[in-house]
Amino acid sequence: MKRTRSNSKTKSKKEECKSDSIKNQIEINPEGDEYLIQAKNLQNQMLNNTLKPEDKSINNMKPFSEPTLEDIVNPELKKKSKLNFKNLKERITGRNEELKPNTVPPKNKPRAVVDLKLMKEELKQLEDPPSTDWEKEVCANRLPFSFFDSPCEELAQNLLGKILVRCLENGTILKGRIVETESYLGAIDKASHTYQNKVTPRNIPMYMPPGTIYVYFTYGMYHCFNISSQESSAYVQIKAVEPILGLDYMELLRNMQFENNRKEKKIKKIVSCIKQYELCNSPFKICAAFDINEDNLNEKQIYKSKELWIENDPYIKFTTIVAAHPSIDTKYGVQKARRYYVLGSSSVTRKDVKSEEHAYNIC
């Protein structure tokens with residue numbers, strides 16, 4: 001019993017000496033990175049003295065029981081010491097993880113199925129994408145092909161409230177809201193250029209896919225702007241537009257006229273001041289104000305063109321429209337016109353008070 005007590009006393013004295021030596025060494029250099037380096041070195045020395053490589057039960061060892069450096073200096077270093085202890089165990093045992101070779105996938109594993117038709121359609125849409133930030137911003141709300149691939153009367157109504165955009169060669173942007181349209185049902189419509197499936201060099205765009213621009217020259221001096229629809233030979237005429245952007249430039253274009261060769265334009269001798277609601281309140285005024293003619297835009301697809309397109313207005317949730325079907329005289333007889341316009345717009349060509357009582361909303 002005396003020997004055991006004496007041994008315990010000697011051990012406690014040794015531990016006190018160790019702790020005193022640690023404190024003295026810490027107080028010698030108490031600042032900067034040297035303080036942390038010495039503290040870590042002391043901790044590693046204490047652990048190396050207690051552990052032996054020959055001990056087989058090293059993986060089942062308990063945490064160090066002697067007073068550690070964290071208890072003396074900083075309790076926040078406790079987690080770091082645990083990590084160092086694990087690294088020390090790995091060095092002693094000499095454990096090395098072997099890299100697994102790359103395995104070949106099984107032969108019976110199903111592969112991803114690619115739809116070639118869908119891929120081709122997507123690639124066609126990327127043939128001429130907007131490249132610059134300015135083009136992306138301008139073309140953000142452009143209406144796609146699916147919008148124009150609809151019945152003629154439905155397309156005429158859906159176009160109301162949409163924005164007609166014209167990009168001129170000099171970079172000028174002109175915009176106007178479509179407020180009046182008229183549908184021509186092709187072979188069954190006596191007022192249509194394609195009545196009874198009539199085909200001429202002028203009306204060929206009407207037999208092209210939906211969204212094709214149809215510009216024709218009439219009365220020897222005016223142009224009219226139309227868009228083909230889902231049915232063959234059916235089209236929608238844009239009859240009135242409410243100017244939004246580039247009003248001064250529209251007025252300038254309205255005061256220009258073709259020369260005798262019909263290739264160049266020059267300003268009229270007598271320039272007139274045009275009111276805003278009269279700039280584009282008829283089909284031929286739209287073509288003059290937006291510089292639309294047969295040479296530059298006829299037979300082009302409006303959903304792909306960089307010169308003329310139609311886009312959605314994100315700030316308008318719905319549009320109140322009026323369906324007016326007056327009777328008109330044609331060379332084939334009397335025919336009801338299928339005309340639609342936005343209620344309350346001052347740019348409409350002609351209003352129908354009776355029909356306005358039955359106005360309705362479209363999204």
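The following paragraphs lead through the structure, from the chain as a whole to strand 2 and then to its charged and aromatic side chains.

The model is predicted, so local features are given where pLDDT is at least 70 and side-chain atom pairs at pLDDT 80 or more, while totals for chains, interfaces and linings use all residues. Residues are numbered from 1 along each chain as its sequence is written, and side-chain values use heavy atoms, with hydrogens and water left out.

The chain contains 12 helices and 13 strands; these are DSSP runs, of at least four residues for helices (H or I) and at least two for strands (E), numbered from the N terminus. Of its 363 residues, 34% are buried. A residue is called buried under 20% relative accessible area, exposed over 50%, and partly exposed in between, with a 1.4 Å probe and protein chains only. The accessible surface of the chain is about 24,400 Å², and 51% of that surface belongs to carbon and sulfur atoms; these areas come from the Shrake-Rupley method with a 1.4 Å probe, and for residues only the protein chains shown count as cover. Contacts, defined by heavy atoms within 4.5 Å, often span the sequence: among those between residues at least 6 apart, 63% join residues at least 24 apart.

Strand 2 is a useful place to begin. This strand covers residues 173-184, and 11 of its 12 residues are buried, so strand 2 is largely enclosed by the rest of the structure. Strands count as paired if DSSP finds at least two bridges between them. Strand 1, residues 163-167, pairs with strand 2 in the antiparallel sense over 5 bridges, and Arg-166 has Leu-174 of strand 2 as its bridge partner. Strand 1 and strand 2 form a hairpin with 5 residues between the strands, in which Gly-171 takes a positive phi near 90°. Strand 2 also pairs with strand 5, antiparallel and over 9 bridges; here Lys-175 stands opposite Leu-245 of strand 5. With strand 12, strand 2 pairs in the antiparallel sense over 4 bridges, and Glu-180 stands opposite Tyr-341 of strand 12.

Charged side chains also connect these strands. A salt bridge is a side-chain nitrogen of Lys or Arg within 4 Å of a carboxyl oxygen of Asp or Glu, and the count by this rule comes to 8. One of them joins Glu-242 and Arg-177, at 3.8 Å from N to O. Glu-242 belongs to strand 5, residues 235-245, and Arg-177 to strand 2, so this salt bridge ties together parts that are 65 residues apart in sequence. Glu-242 is partly exposed, with a relative accessible area of 24%, whereas Arg-177 counts as buried at 19%. A network of salt bridges links Arg-177, Glu-242 and Asp-313.

Another salt bridge joins Glu-180 and Arg-339, with 2.8 Å from N to O. Because Glu-180 lies in strand 2 and Arg-339 in strand 12, residues 338-342, this pair ties together parts that are 159 residues apart in sequence. Glu-180 is buried, at 0% relative accessibility, and Arg-339 is buried as well, at 3%. A further salt bridge is formed by Lys-300 and Glu-307, at 3.0 Å from N to O. Lys-300 is partly exposed at 33% relative accessibility, and Glu-307 is partly exposed at 29%.

The aromatic side chains complete the picture. A pair of aromatic rings is described by the distance of the centres and the angle of the planes. Rings of Phe, Tyr and Trp (its six-membered ring) pair if their centres lie within 6.5 Å; planes under 30 degrees apart count as stacked, over 60 as edge-to-face and the rest as tilted. The count by this rule comes to 6 aromatic pairs. Among them is the tilted pair of Tyr-214 and Tyr-216, with 5.3 Å from centre to centre and 40° between the planes. Both Tyr-214 and Tyr-216 are buried. In the pair of Tyr-222 and Phe-284, the ring centres are 4.2 Å apart and the planes are at 35°, so the pair is tilted. This pair links distant parts of the chain, 62 residues apart: Tyr-222 is in strand 4, residues 222-228, and Phe-284 in helix 10, residues 283-289. Tyr-222 counts as partly exposed at 28% relative accessibility, and Phe-284 counts as partly exposed at 31%. Finally, Tyr-184, Tyr-214, Tyr-216 and Tyr-235 form one aromatic cluster.
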